[in-house]
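Got your viewer open and a selection box ready? Load the model below and follow along, one selection at a time.

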Amino acid sequence: MGMTDVLIVGAGPTGLVLACDLARRGVAVRIVDRSPAPPRTSRAKGPNPRSLEILDDLGVAEEVLAAGSAPLPMLKYRDRRPLAEADPWADSAPSPDARYDRGWLIAQWRLEGILRDRLAGYGVRVEPGREVVGLAQGRDGGDGGHVDVTYADGQTGRARYVVGCDGAHSSVWKLLGITFEGTTAEDQVMVCGDVDLADGVLDRTRWHQWFDEDGAVMLCPIPGTRTGWWFQAGPERDGRGRPLAPTADGFRRLLAHHTALPGRALTRAELLSTYRVNVRMADRFRAGRVLLAGDAAHVHAIAGGLGMNTGIQDAFNLGWKLGLVLAGHADAELLDTYEEERLPVAARTLDLTSERLRATLEAIRRPGGGLDTAITPDTTGLGVGYRWSSLAAGDRAPEAERPGPHAGDRAPDAPCADAATGVRTRLHRVFAGPRTTVLGFGPGSTAVLRETADAYGGDADVRVCRVYAAHEDRAGAEPGAVVDDAGHTSAAYGTGASGDTGAGTVVVVRPDHHVGVLAPADDARSVREYLRRLHGTGRSAERPPGMVDAVR
């Protein structure tokens, strides 16, 4: 088999998001999975708000929203009787800077199907039944390196980079010899599965949670089905207190014991699994030309639903960096920032989910306590940023001194209008697609925007966008400019009334919607140096493809 740019091992949400992001950049990508067919596992319950923003950027959010449902209020029982109801989202609403204020319920296999369809639109299909059993990193004369891949059936392949997205039992990290430190709590066990309940026996507008002194049963309706439910429960145990493996009859006994429903109300149970609380993390996310993402890099407690979401967000951090390195714009050292940024996030997520699990286990001991304890503002993903990163440049203002995001933070969304047509849009639509965006606030930003457009104008990877205040004259507005007609953009970015500040402000937003530079508009040098690090020198120094630009 010939050389491919990136081989992705594992076709779950993490691998599929990465494949979509690379394919739309024109990267030659292959994605393989050891399963002979797409797995229908009962796992994640859906994307959180930050993952929805990423799915929106990839062009599939509307489809995901249509295929799923809003998160449901939780009805909690004790001794088979309803006791309390909680809606963790009752007081939340979309805000100008965040369109999605809550996660979304969708079966993981449905989400994967939507992403596979999007990927097929780029001409890339998952290759099933391909298990990677060997990885060898080599050098060659031309572009400096590759990875030789061996499959279980004896076939071989070669890739410039390999990304292991193959889950907690990843063969990639084992082949690399990376250590996966952590603990497994053998006593913290849950049995899970997808079940059918007889039609009408339980209200499908609620997530039902029975918590008793001797165990628990949780039933959440699966969107897009008439009688399907996610079933989670404390396991049955043998005479010595050891957890028993899940079975359909065992689920019926648990149902009859904890709920007022008869066991026969459960008509089918499949995708049965035992979940143990694993808290583990790889000690590094990159070994040369092989990288790890998602559960292959970190696994943590289920509380807060951050497993799949952290993986999707890993992929979105890595995709653009691989794209710019493979295009020859950025030096390969850019890939080191993937681990620099995502490893601390994974470590914090391990701590956060373990703490939420502890709080939840404590809450359910009390009548009326439930899984709502696991849901906090931290679990939205919107607050995750990388202020410590070497890519968080040019932020000289002390943190307390000015409002708005700092370098490394997620770039806020904001409603605005197209300057030429008046059509409603929002900043995340401006950022959408695999590009770096340079926003200019105030008349003083015009020179930097013009210089950037001159240097990178022929380059689809960089775009400029002038943000006009409502009162500014926009007679000569450039294509793509927007009007901050309600003041939400200047409020979100802390730029004041942008027409009054004279000097103005320039914000460089990375392709993954994080702020790279936030600088006064007269600081063209910070903008120039940052763009050079990511995108080379632009049109002023055209390079043949494949040449690595060492400028940084």
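Here is a short tour, from the whole fold down to single side-chain pairs.

**Whole chain.** Keep in mind that this is a predicted model. Colour by secondary structure and you get twelve helices and 22 strands. Of the 552 residues, 55% count as buried. Switch on a surface: the protein exposes about 22,200 Å², with carbon and sulfur atoms supplying 51% of that. If you like contact maps, look off the diagonal: among contacts with a separation of 6 or more, 69% are between residues 24 or more positions apart.

**The seven-stranded sheet.** Next, pick out the open sheet with the order β17-β16-β20-β19-β18-β21-β22, where the pairing is mixed. Which strands stand at the edges? Select 424-426 for β17 and 515-520 for β22: each has a single partner strand, so one side of each is left without a neighbour in the sheet. Neighbouring strands here are turned by 30 degrees against each other on average, direction ignored.

Now zoom in on the β17 end. Add residues 415-418, which are β16; three bridges join β16 to β17, and the two run antiparallel. For a specific pair, show P415, whose bridge partner in β17 is R426.

**A salt-bridge network.** Leave R426 on screen and add D56, E62, R99, D413 and R429: these six residues are linked in a network of salt bridges. Across the structure there are 34 salt bridges, so let's sample a few.

**R78 and E213.** Select this pair and check the closest N and O atoms, which are 3.8 Å apart. R78 sits in β3 (74-78) and E213 in the loop between β9 and β10, so the pair ties together parts that are 135 residues apart in sequence. Are the two ends buried or exposed? R78 is buried, at 10% relative accessible area, whereas E213 is exposed, at 78%.

**R268 and D196.** These side chains meet in a salt bridge at 2.7 Å, N to O. R268 belongs to strand β12 (266-282) and D196 to strand β8 (180-197), 72 residues apart. R268 is partly exposed at 29% relative accessibility, while D196 is buried at 16%.

**R253 and E236.** Last stop: here the closest N and O atoms of the salt bridge are 2.8 Å apart. R253 is in helix α6 (248-258), and E236 is in the loop between β11 and α6, 17 residues away. R253 counts as partly exposed, with 47% relative accessibility.

Technical notes: Residues are numbered from 1 along each chain as its sequence is written. This is a predicted model: local features need pLDDT of at least 70, side-chain atom pairs count only at pLDDT 80 or more; totals for chains, interfaces and linings use all residues. Side-chain values use heavy atoms; hydrogens and water are left out. Helices (H or I, at least four residues) and strands (E, at least two) are DSSP runs, numbered from the N terminus. Buried means under 20% relative accessible area, exposed over 50%, partly exposed in between (1.4 Å probe, protein chains only). Contact means heavy atoms within 4.5 Å. Accessible areas come from the Shrake-Rupley method with a 1.4 Å probe; for residues, only the protein chains shown count as cover. Two strands pair if DSSP finds at least two bridges between them. Axes are lines fitted to C-alpha atoms, for helices over the stretch in contact, and angles run from 0 to 180 degrees between N-to-C directions. A salt bridge is a side-chain nitrogen of Lys or Arg within 4 Å of a carboxyl oxygen of Asp or Glu.
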